[in-house]
Structures are given as structure tokens and as C-alpha cells.
Amino acid sequence: QLQLEESGGGSVQAGGSLGLSCTASGRTDGVLNMGWYRQGPGKEREFVAVYNWNGPTYADSVKGRFTISRDNAKNTVRLQMDSLQSEDTGIYYCWVKRIPLTTRETPEDYWGQGTQVTVSS
């Protein structure tokens, strides 16, 4: 099993910045795609950003404002959120897809517990 520990988040006024961090532990062998999803009030969970083997990918709604980075040695992914808007309010979930090195196993998705981000206008 793989465990995810999230930190960061909080409350900020529109235009401000927040950071999120997520560290994977346990079964971290294999290839780890690491990223973030969010779920706003009354909305479906949506993709925010991912950092996989070929670099970062962002949702259009956060391009130019959010920056995802990762530290492979620490199995950590971070999300720096700048120019926050009220629409960014929601619960942010760390996501990891573990792709095993052997075909005897299948890829698995893991989710963090979620951390609240609140942006007030």
C-alpha cells in the first residue's frame, strides 16, 4: 500500500497565494505520477495539475497561476497557487498513480485525505 500525507492550504483573500504539499510513503517503488485534483462546493471533482515522466500538465483554469513541482528523492509533490480566485475554493486532493515495474501488478490510484482551500473575494 501507498500512503499520502497532505499539508498546506488554508484561507486567503483573492489575489493571494497558498501552497500545498503531498508526500508519498510505503509502496513507492515503480513509476509515480503525482498530481492534484479539487472539488468545489456543489461541484464534481476536477483535475488541477499532474507531474509525470514528461513534465507538468495543468488544467486550463489554473494555467499561469499554479505551479506544480516534485522532489523525486522525497516522493513529494507541491502545488504553488498564486493569484487565487474565489473559484479556486474547494477541497484539494493529492493523487498518485503508481505504475508497477512488473506486469504481475496493475496500476493503482491513491488519494490523499483532502485539504481545504478557501479564497474570499
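# Salt bridges, core and hairpin

Reader: What is the relative accessible area of aspartate 29?

Author: This is a predicted model, in which local features need pLDDT of at least 70 and side-chain atom pairs count only at pLDDT 80 or more, while totals for chains, interfaces and linings use all residues. Residues are numbered from 1 along each chain as its sequence is written, and side-chain values use heavy atoms, without hydrogens and water. Aspartate 29 counts as partly exposed, the class between buried (under 20% relative accessible area) and exposed (over 50%), with a 1.4 Å probe and protein chains only. Its relative accessible area is 34%.

Reader: Which residues does the salt-bridge network with Asp29 join?

Author: A salt bridge is a side-chain nitrogen of Lys or Arg within 4 Å of a carboxyl oxygen of Asp or Glu. Aspartate 29 meets arginine 27 at 2.8 Å, N to O, and arginine 98 at 3.2 Å, N to O. Arginine 27 also meets glutamate 105, at 3.1 Å, N to O. Through shared partners, one network joins Arg27, Asp29, Arg98 and Glu105.

Reader: How many residues apart in sequence are the parts that arginine 98 and aspartate 29 tie together?

Author: Arginine 98 is buried, at 1% relative accessible area. The salt bridge links parts of the chain because arginine 98 lies in strand E9 and aspartate 29 in the loop between E3 and E4; strands are DSSP runs of E, at least two residues, numbered from the N terminus. The separation in sequence is 69 residues.

Reader: Which strand gives the most to the largest nonpolar core?

Author: A nonpolar core is a set of buried Ala, Val, Leu, Ile, Met, Phe, Trp, Tyr and Cys residues joined through side-chain atoms within 4.5 Å. The largest one has 27 residues, and those touching the most other members include Trp36, Val48 and Phe66. Strands that each supply at least two residues include E1, E4 and E9. With 4 residues, the most comes from E3.

Reader: Is serine 21 buried or exposed?

Author: Serine 21 has its place in strand E3 (residues 18–26). Contact means heavy atoms within 4.5 Å, and beyond four places in sequence serine 21 touches residues including Glu5, Trp36 and Arg78. At a relative accessible area of 16%, serine 21 is buried.

Reader: Which residue stands opposite asparagine 52?

Author: Strands E5 (residues 45–52) and E6 (residues 55–58) run antiparallel and are joined by 4 bridges; two strands pair if DSSP finds at least two bridges between them. They form a hairpin with 2 residues between them. Opposite asparagine 52, in E6, stands glycine 55.
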